[in-house]
Amino acid sequence: MQNAVKRIGVLTSGGDAPGMNAAIRSVVRSALARGIEVIGIRRGWQGLITGDFVQMDSSSVSRIINRGGTILYTARSEEFRTEEGQKKAAATCKLLGLDGIVAIGGDGTFRGAQALSRHGIAVVGIPGTIDNDIVCTDYTIGFDTAANTAVECIDRLRDTMQSHERCAVVEVMGRHAGYLALYVGLATGATAVLVPETEYNFDEHVADKIRQARLGGRTNFMIVVAEGAASAMAVGEEIREKLGLDPRVTILGHIQRGGDPTAKDRVLATRMGHEAVRVLAEGGTNKVVIDRNNEIIAMDIDEGLSMMKTLNGQEFEVMRAMTGQ
Ligand code: F6P
């Protein structure tokens, strides 16, 4: 069979995530192995609008598998949300002779992919976000690294909280999703975890949990707050006013988004990049590559994005059991 796909583009969009470079590398090398040329689109969807591109070859992705961030830069493009912006992006694809695009990013990136595929461009998405909030895939690239970074930071906090018999309030990322907070809360034995999916109630979600821990003999406490659940500073203030403790508040912030990807993220990214190229090479479009039970497969983006956002019930159960609720 003749290979109709001759040249593809690859881009990273939205918040960066450790392992995005490994995914770019895999896309480039997997495509070259099939005789397909690769163009790197810089600065996400915005770069596709402005025609900001770079030719990729095997050596342009050497020594990046271990590096955090993204060599292609990333952006959140307002213009690409408009019909006009999408038309310009589709025109760039035609001008450059791109037969398809691999878009690495989160939820917003996939909405962009859906839009571009409606303009007749073949697009395959790869989930890359530390939030792990793409429901159709078990894991997103970057989550494992971010979770391990947060766990390391919280373990350090715990040492000093334990020595001073204090309460720590630590904010982790997750404006709309509490999965990262829940996961690191479980891994660090947190006293309480606040997630944006549940409406914040100080008495129920913080005071009761600290009280239970104190009655159980503890003199130091760890409250993990997802950034979208409540303001960590405000939670700290309430603890001071209502419980008479002297808490210390730490906001981990973008520390969680950087750093060398873990082995798990590198391997996941490499497998997903390889699958994305296979799908494009075989004429697929409007697909997202997912990890389901450690099998890397492609599914329809529309179907993937329509799946309900829920936190894993079993993890919530374990969390409740561990915090005595
Ligand atoms: O989507 C990834 C993420 O890191 C979220 O957890 C966080 O809320 C957001 O990006 C922060 O975005 P920015 O880097 O634009 O401040």
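Trainee: What makes the space taken by the ligand a pocket, and where does that pocket rank in this predicted model?

Mentor: The space taken by the ligand is the largest pocket of the predicted model, and the word pocket applies because such a set of points is open, with protein on both sides within 12 Å along at least five of seven lines.

Trainee: Why is the ligand said to lie between domain 1 and domain 2?

Mentor: The chain is divided into domain 1 (7–142 + 261–306) and domain 2 (145–258), and since both of these domains give residues to the shell around the ligand, it lies between them. The shell consists of Arg-76, Ile-130, Asp-131, Met-173, Gly-174, Arg-175, Glu-227, His-254 and Arg-257, and by class it holds two nonpolar, two polar and five charged residues.

Trainee: How do you know that Glu-227 makes a polar contact with the ligand?

Mentor: An N or O atom in the side chain of Glu-227 is 2.5 Å from an oxygen atom of the ligand, and the cut-off for such a pair is 3.5 Å, so the pair counts as a polar contact. By that cut-off a polar side-chain atom of His-254, 2.9 Å from a ligand oxygen, also qualifies, as does a polar backbone atom of Gly-174 at 3.2 Å from a ligand oxygen. On its own the ligand has 400 Å² of accessible area, of which the protein covers 79%.

Trainee: What is in contact across the two domains, and how far apart are their C-alpha centres?

Mentor: In domain 1, 13 residues are in contact with 12 residues of domain 2, while the C-alpha centres of the two domains lie 34 Å apart.

Definitions and conventions: Residues numbered from 1 in each chain as written. Predicted model: local features only at pLDDT ≥ 70, side-chain atom pairs only at ≥ 80, totals over all residues. Heavy atoms only, no water. Near = heavy atom within 4 Å. Polar contact = N/O pair within 3.5 Å; in protein donor to acceptor, adjacent residues only side chain to side chain. Areas by Shrake-Rupley, 256 points an atom, 1.4 Å probe, with all protein chains shown as cover. 1 Å grid on protein atoms, 1.4 Å probe; cavity = no way out; pocket = protein on both sides within 12 Å on 5 of 7 lines; lining within 4 Å. Sits in = over half its atoms within 2 Å of the grid points. Nonpolar A, V, L, I, M, F, W, Y, C, P; charged D, E, K, R; others polar. Domains from an automatic or database assignment. Contact = heavy atoms within 4.5 Å.
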